[in-house]
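Reader: Hello! Could you take me on a close look at one part of this model, the place where the two chains meet, and then show me what surrounds that part?

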Amino acid sequence: MNFDLSETQKLFHSTVERFTRDVDVAAREKIRSTEHAYDTNRWSELAELGLLAIVANEDQGGLGGSLIDMSTIAEGLGSNNALDPWLENGALPIRLLSKANKTDILDSLIDGTKIAALAFAEPNSRYNLFPNEMLATAGHGAETVVLNGEKRFVMGGALADYLLVTASDNGVFGIYCIPSDSQGLETHRYQLSDGSLATVVSLNQTEVPASSKLAITFEQFKEVVAETCVLCSAEMLGLSQLLLNDTVSYVKEREQFGVSIGSFQSIQHGLVDCFSELEQMRSMLYRTLLLEKDTTADWSANVLGAKSFIADGANFIARNAVQYHGAMGITDEVTIGHAMKRILILSRMFGDAQDNLNNYLEVA
Amino acid sequence: MDMNYSEADLAFREEVRSFLKDKLTDRLKTGVERTPGVFVEPDIGLEWHQILHEQGWISHRWPVEFGGKGWTPMQTYILEKEFAIANAPRPAPISLGLIGPVLCRYGTPEQQAKFLPRIRSGEDFWAQGYSEPSSGSDLASLSMSAELIDGKYILNGSKIWTTHAQHANWIFCLVRTQVSEKKQAGITFLLVPMDQAGIEVTPIVSMSGDHEVNQVFFDNAQTRLENRVGEEGQGWEIAKFLLQNERGGSCFAPRMLVSIDSLEKAANNIANSDGSTMNNDGDFKRRLAKLKLRALALEFTELRIQADIANGRPAGPITSLTKLVYSNLSQDVQTLRNELYGYDGLQLPYDRPLYADDAPQAVGGAAAQVSLASFLNGRASTIYGGSNEVQKNIIAKRILGL
C-alpha cells in the first residue's frame with residue numbers, strides 16, 4: 001500500500017507547474033481576448049513537453065501513460081487554474097483516437113500541429129451520451145456517409161481542426177472524425193464560463209468518407225468518457241486546493257475590526273469544512289485511480305459516483321472561497337472566480353453531480 | 001501509488017477469516033447487533049477479549065516489545081475490515097487503545113510489568129477520568145486535586161462522563177497537583193484503584209436509555225506514588241499523546257461501510273407508502289449512495305494516514321479530521337436508518353441488554369428496535385473525544401495556520 005507519486009509522476013507534476021504558474025489573471029484575460037480565446041503557441045509547448053504524447057499508446061507514437069500519470073497532469077493544471085484545454089481538446093480526443101487506433105490523425109494531434117474537439121452533446125438529450133439527433137445515412141457512393149443534425153457544447157470548437165462527431169446510423173452508434181471545414185458544416189461560436197470558445201455545430205448533408213467512422217463501440221466510448229471523468233475529478237481537486245490556499249492566505253492578510261479576519265472562529269470553522277471536503281475528495285480520487293476494473297460498466301459507474309462526490313465538494317469549496325473573499329470575491333480580478341467558473345464546466349461535463357449519482361446507483 | 005495485496009497479505013486474510021468463522025459465535029454477533037452504543041457490555045466484550053488474547057491478537061497495535069504484532073498497515077487494515085464485515089465486538093478501547101499505549105510510552109518498567117499483562121488478559125478493566133463538571137472542552141481547566149502525603153496521593157473532586165466506570169477496577173485520571181498561571185502546567189497523570197472507600201460511582205442514564213457513563217466522586221481517595229505516570233506536571237503532554245493515539249491510525253470506515261450495506265439490505269423488506277419497498281425509493285437510494293461515497297472516501301483517508309505512519313510520517317493533527325468526518329457520517333447513517341423504519345423506528349425500550357432472554361419483544365425486527373436508541377446514543381459522537389468545534393479549532397490552528 002502506497003499513495004506516493006512515482007519519480008516520473010513528480011516530474012510531470014513539476015513540468016505542469018512550471019508551464020502554468022506564470023499565467024496570472026491579467027495574462028489570462030489577454031489570451032482570452034484573442035480570436036480563438038487561446039494562444040496556440042502554448043499548445044505547441046504543451047506538445048513538446050510530452051503532455052499530449054502521454055495519452056496515446058507507445059506503438060502509436062505516444063508515451064503510453066497510465067491513468068494515474070494523466071491524473072497527475074490534470075491535477076497540476078487545476079492547481080494553477082490553467083487555461084489550456086488539455087483535458088477536453090488533448091486527453092479526450094487523443095484517447096478516443098488511440099482506442100480506435102486512428103494513427104493517421106493521431107500523429108498530428110500528438111505533435112500539437114492539429115487540434116480536435118468532441119461533438120457529443122445534443123439540444124434535446126440533456127446528459128444522454130447516445131446520439132439521437134445527429135443521424136448518419138448512406139451517401140451517394142458506397143464509400144461515403146452523410147451526416148445531418150446539430151451538436152452543442154463542443155468544447156474548444158473554435159480551435160478545432162477536426163471534429164469527432166457522435167451520430168446514430170439507424171440506431172447504431174458511431175463517431176465520425178471530420179475536418180472542421182467540411183462542406184455543409186456551420187458553426188456558431190459562443191463563450192463558456194471559463195472564457196473558452198465552444199461551438200454549436202450544424203451539419204447539413206455533410207458527406208464524408210465512410211472511413212471517417214472510428215473503430216469504436218458505444219461501450220468503448222463510454223469507457224473513454226469515464227476516464228475523462230477521472231481527469232475532470234483530478235482537475236477539480238487541483239482547483240479546489242488552489243481555492244483553499246488562496247482563501248486561507250486572504251483571510252490571514254485581510255484585516256477588519258483591527259484584526260485579521262482569519263482570527264474569527266466562524267471563518268476558521270468554515271475553512272476547516274472546506275479542508276475536510278478537500279481531503280475527502282483527494283481520498284476519493286486515489287480510490288478511483290486504484291480501483292480494480294473487474295467489469296468496465298461497474299468501473300465506470302464507480303468513477304461517475306466519485307465524480308459526483310468530487311464535484312459537490314469542489315462547488316462547495318468554490319462558493320465558500322468567494323464568500324470569504326468578501327466583495328473582492330465577486331470581482332473578475334481574483335483567481336478564485338476563474339477557478340470557480342472552470343469547476344462549473346468540469347462538474348457538469350458528461351453529466352452533473354445529480355446525474356452522475358444516478359449512474360452510480362446502479363452499483364452502489 | 002498502489003493498493004496491492006501481497007501473497008502474505010492474502011494468506012493473512014484467510015487466517016483472519018477462518019479465525020472469525022471458528023470463534024465468532026452467534027451470541028457475540030447478536031450482542032453487537034442489539035447494543036445501541038459502540039461499547040458492548042462486558043459479558044460480550046470480555047468473552048471476545050479472552051478469545052483474542054488466546055489468539056495472541058489482543059494488543060496487536062502495541063509496540064512489539066510489549067505484546068504488539070508489528071503488522072504492516074495493510075495487515076492491520078485487513079484485520080479491521082474482516083472484523084467489521086463479520087460484525088465482531090470491539091474490545092475495550094479504553095484499556096487497549098488508550099491506557100495501554102500510554103504505559104508503553106511513559107510507564108516505568110514496574111508499571112509496564114504490572115499493568116500491561118493484566119490489560120491483555122482482561123483481568124483489569126479501565127475507565128478514563130478526564131472531563132469534570134466544569135471542565136469539558138476546556139479540559140486544561142480541570143480542578144480535581146491530588147496532594148502527595150507520605151508517598152500517597154490524596155484525591156478530591158469528581159470526574160464525569162466516565163464510560164463503564166461501573167465495570168472498571170482501575171481509572172486513570174488527570175489531576176491538578178499544582179495551581180499555576182499556565183493551567184496546563186500543574187496537571188499530573190495518575191492511576192487509581194477503583195475498589196476503595198473514597199470512590200463513589202453514580203450512574204448517568206443517556207436519553208437513549210443506556211447506562212454507559214457515570215459521575216465518579218473522589219472523597220479523600222488514595223493512590224500510591226508509584227502509580228503516577230511520568231513526572232508531576234507532565235500530565236498534559238501525556239493527555240495529548242493519548243488523544244492523538246486515540247484518533248490516529250483509526251479504522252472507522254470498514255464498520256461504517258458494513259453498516260451502510262446493511263441499511264441497503266434492510267430497505268428491501270420495508271414497505272413504502274405506495275406499496276412498493278423502500279429500496280425502490282429514489283430519494284432514499286440517493287441519500288444512501290451519498291453516505292456510501294463519504295464512507296468510501298473516509299476509508300482512503302484512513303488508509304493514507306496508515307501509509308504515512310508506515311513511512312515514518314507521524315499522523316499529527318490530521319487525525320482530528322478523521323474523527324470529525326467519521327462522527328458526522330455515523331450520525332447521518334444513524335439518522336437515515338432510523339427514518340427508514342418509519343413508525344417502527346419510534347420504539348425506545350429502556351431494558352438492557354436487548355439481547356437478554358427477557359428483553360421486550362421487538363416490533364418490526366431487532367434492527368428496528370435498536371435503531372432509535374442507536375440514533376440517540378450516537379449524538380454523543382460529535383461531542384466526546386473533543387467536540388466537532390474543538391477538532392475544528394485544532395485543524396484551523398495546526399493545519400491551516402489560522
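Author: Happy to: what follows starts at the contact of the two chains and then moves outwards.

A word on conventions first. This is a predicted model, in which local features need pLDDT of at least 70 and side-chain atom pairs count only at pLDDT 80 or more, while totals for chains, interfaces and linings use all residues. Residues are numbered from 1 along each chain as its sequence is written, and chains are lettered from A and ligands numbered from 1 in the order in which they are written.

Now to the meeting place. Chain A gives 29 residues to the contact and chain B gives 29 residues; two residues are in contact if their C-beta atoms, placed from the backbone, lie within 7 Å. On the chain A side, at least two residues each come from helix H7 (218–253), helix H8 (265–289), helix H9 (296–324) and helix H11 (353–360). Helices (H or I, at least four residues) and strands (E, at least two) are DSSP runs, numbered from the N terminus. The largest share of that side, 13 residues, belongs to H8(A). By class, the side of chain A that touches chain B has 17 nonpolar, eight polar and four charged residues. Here Ala, Val, Leu, Ile, Met, Phe, Trp, Tyr, Cys and Pro count as nonpolar, Asp, Glu, Lys and Arg as charged, and the others, Gly among them, as polar.

Let us stay with H8(A) for a moment. The axis of H8(A) comes within 11 Å of the axis of helix H10 (residues 318–340) of chain B, and the two cross at roughly 90°. Axes are lines fitted to C-alpha atoms, for helices over the stretch in contact, and angles run from 0 to 180 degrees between N-to-C directions. This crossing makes H8(A) roughly perpendicular to H10(B); angles under 35 degrees count as roughly parallel, over 145 as roughly antiparallel, 65 to 115 as roughly perpendicular and the rest as oblique. From H8(A), Ser276(A), Glu279(A) and Gln280(A) meet Leu321(B), Leu324(B) and Val325(B) of H10(B). The contact of H8(A) with H10(B) thus divides by class into three nonpolar, two polar and one charged residues.

Past H10 in chain B there is a backbone detail for you to find. Pro353(B) sits in the loop between H10 and helix H11 (366–378) of chain B, and the peptide bond that leads from Arg352(B) to Pro353(B) is cis, with omega near -5°.

Stepping back to chain A, we find eleven helices and nine strands. The radius of gyration of chain A is 21 Å, close to the 21 Å that the globule rule gives for 364 residues, so chain A is as compact as a globular protein of that length. That radius is taken over C-alpha atoms, and the globule rule is 2.2 Å times the number of residues to the power 0.38. Of the 364 residues in chain A, 52% are buried, where buried stands for 20 or more other C-beta atoms within 10 Å of a residue's own, exposed for 12 or fewer, and partly exposed for in between, with C-beta atoms placed from the backbone.

Chain A is assigned domain 1 (7–114), domain 2 (118–212) and domain 3 (218–360); domain bounds come from an automatic or database domain assignment. The centres of domain 1 and domain 2 of chain A, taken over C-alpha atoms, are 23 Å apart. Between these two domains of chain A, 14 residues of domain 1 contact 14 residues of domain 2. Helix H5 (residues 86–99) of chain A brings five residues, the largest share of the domain 1 side.

One residue of chain A is worth a stop. Trp43(A) belongs to helix H3 (residues 40–48) of chain A and is buried, with 22 other C-beta atoms within 10 Å. Leaving out residues up to four places away in sequence, Trp43(A) touches Gly112(A) and Ile115(A).

Chain B offers two more spots to check on your screen. Asp150(B) has a positive phi of about 50° although it is not a glycine; Asp150(B) lies in the loop between strand E2 (145–149) and strand E3 (152–160) of chain B and is exposed, with 6 other C-beta atoms within 10 Å. Asn220(B), likewise not a glycine, has a positive phi of about 55°. Its place is in strand E7 (residues 213–224) of chain B, and Asn220(B) is exposed, with 12 other C-beta atoms within 10 Å.
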